[in-house]
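Please open the model in your viewer and keep the sequence panel beside it, since each stop of this tour asks you to select a few residues and look at what surrounds them.

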Amino acid sequence: MNSFGQKFRFTTFGESHGKALGCIVDGIPAGLKIDETFIQEEMDRRKPGKNAFATARSEGDKVEILSGVFEGLSTGTPIAMVIFNENQKSKDYTNIKDLFRPGHADFTYFHKYGIRDYRGGGRSSARETAARVAAGAIAKLMLNELNIKVQSGICEIDGIKASKADFEFAKKSEIFSLDKDKEDFQKEAVLNAKKEHNSVGGVALVNVKNCPIGLGEPMYFKLDSQIANAMMSINAVKGVEIGDGFESASKKGLENNDEIRSTGFKTNHSGGILGGISNGEDINVKIYFKPTPSIFLKQETIDINNNEVDCELKGRHDPCVAIRGSVVAESMMALVLADMLLLNMSSKIENIKKVYN
């Protein structure tokens, strides 16, 4: 499936080495100010070719809005956006057109669909996430109207963990590091892996501030389940933690519960979600990215005829996909929240009366 969301819904299209990528975003309330400068700034955060810590593929990632906007405002109809690819080098993949690259989706896509698009992975490439960031920028514009803030950064690279979460510093960091004291060590780990033609994994932290109480649709469309769904849909993500996450399994109930006073919760081990519904506290989510599977070292594999062969990749790839992936995770969070806001509108009869009375 290529669509996500219920009320605030987006569909992406395009391939890594095709003519263009894009998205159609539906369910946007009319009258929302569409700030094209902001949308492009979001794209620029994720775009490749910015520095030594990202792929050398140079793409402008310029967004063109085709529909759904008039005189700077949303019309209530679908907003279509397109991003033209400018720097494809499909010839880099001709030597492996019949091979299955270890760690990639080549093997599973071929066996599912019977077609081998070897040009950088085709639809399964992380290049597709550019369209998600464009859609996420629209969602953020809606969240901004309600003072809901979504931010992200890198809290771990190659096992080097941040000791603090400084989101303002992350905005200035080339690798979106959340800890200025760990940034240089994390950078060194990425560059060393790149020098060795290898890659490293990492962990992104997404934080939401000012989320209202009540977002989430139990039982089968809970806020935390949809956040996990959204994050796991991102290329290379292998794990998601909400709040204290896996650490909760080793705690006692008394230390894991968030006690409540008249002023609010004393702690936030739950990560801002109880029973699948937001509780008004910060939402905190960690997203675990595996090492980029595209590495330039000889590996054993098979071809489409099941012959055992060696795989030697060429091309341009991120030595740590988590870095730019953190921006995608932030966008997916915004898209989930925008959808949940619209779904929550019908949770009480008084909400409906406010509109129709």
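Begin with the aromatic side chains: across the whole of this predicted model, a search finds five aromatic pairs. Select Phe 100 and Phe 110, whose ring centres are 5.6 Å apart and whose planes meet at 55 degrees, so that the pair counts as tilted. Phe 100 belongs to the loop between strand 7 (79-84) and helix 2 (106-113), while Phe 110 is in helix 2 itself, so the pair ties together parts that are ten residues apart in sequence. With a relative accessibility of 4%, Phe 100 counts as buried.

Keep that selection and add Phe 107, because ring pairs link Phe 100, Phe 107 and Phe 110 into a cluster. Then move to Lys 112, which lies over the face of Tyr 113, at 5.6 Å from the ring centre.

Next, select Phe 246 and Tyr 288, where the ring centres are 6.4 Å apart and the planes stand at 55 degrees, so this pair is tilted. Here the link is between distant parts of the chain, 42 residues apart: Phe 246 lies in the loop between strand 11 (237-242) and helix 7 (253-256), and Tyr 288 in strand 16 (residues 283-289). Which of the labels buried, partly exposed or exposed fits Phe 246? At 55% relative accessibility, Phe 246 counts as exposed, whereas Tyr 288, with a relative accessible area of 26%, is partly exposed.

Turn now to the strands and select strand 3 (residues 20-26), which is mostly covered, five of its seven residues being buried. Strand 2 (residues 9-14) runs antiparallel to strand 3 and is joined to it by six bridges, and a hairpin connects strand 2 to strand 3 through five residues. Strand 3 is also joined to strand 7 by six bridges, again in an antiparallel arrangement. To see both pairings from a single position, centre the view on Gly 22 in strand 3, which has Phe 13 standing opposite and Val 82 as its bridge partner in strand 7. While following these strands, recall that in a regular strand the side chains alternate between the two faces of the sheet.

Finish at helix 9 (residues 349-356), the helix that contains Val 355. Select Ile 349, Ile 352, Val 355 and Tyr 356, which make a nonpolar surface patch of about 460 Å². Within this patch, Val 355 is exposed, with a relative accessible area of 56%.

Conventions:
Residues are numbered from 1 along each chain as its sequence is written. This is a predicted model: local features need pLDDT of at least 70, side-chain atom pairs count only at pLDDT 80 or more; totals for chains, interfaces and linings use all residues. Side-chain values use heavy atoms; hydrogens and water are left out. Patches are made of residues with over 30% relative accessible area and no salt bridge: like charges are joined within 9 Å, nonpolar side chains (Val, Leu, Ile, Met, Phe, Trp, Tyr) within 5 Å. Accessible areas come from the Shrake-Rupley method with a 1.4 Å probe; for residues, only the protein chains shown count as cover. A salt bridge is a side-chain nitrogen of Lys or Arg within 4 Å of a carboxyl oxygen of Asp or Glu. Helices (H or I, at least four residues) and strands (E, at least two) are DSSP runs, numbered from the N terminus. Buried means under 20% relative accessible area, exposed over 50%, partly exposed in between (1.4 Å probe, protein chains only). Rings of Phe, Tyr and Trp (its six-membered ring) pair if their centres lie within 6.5 Å; planes under 30 degrees apart count as stacked, over 60 as edge-to-face and the rest as tilted. A charge sits over a ring if NZ of Lys or CZ of Arg is within 6 Å of the ring centre and within 35 degrees of the ring normal. Two strands pair if DSSP finds at least two bridges between them.
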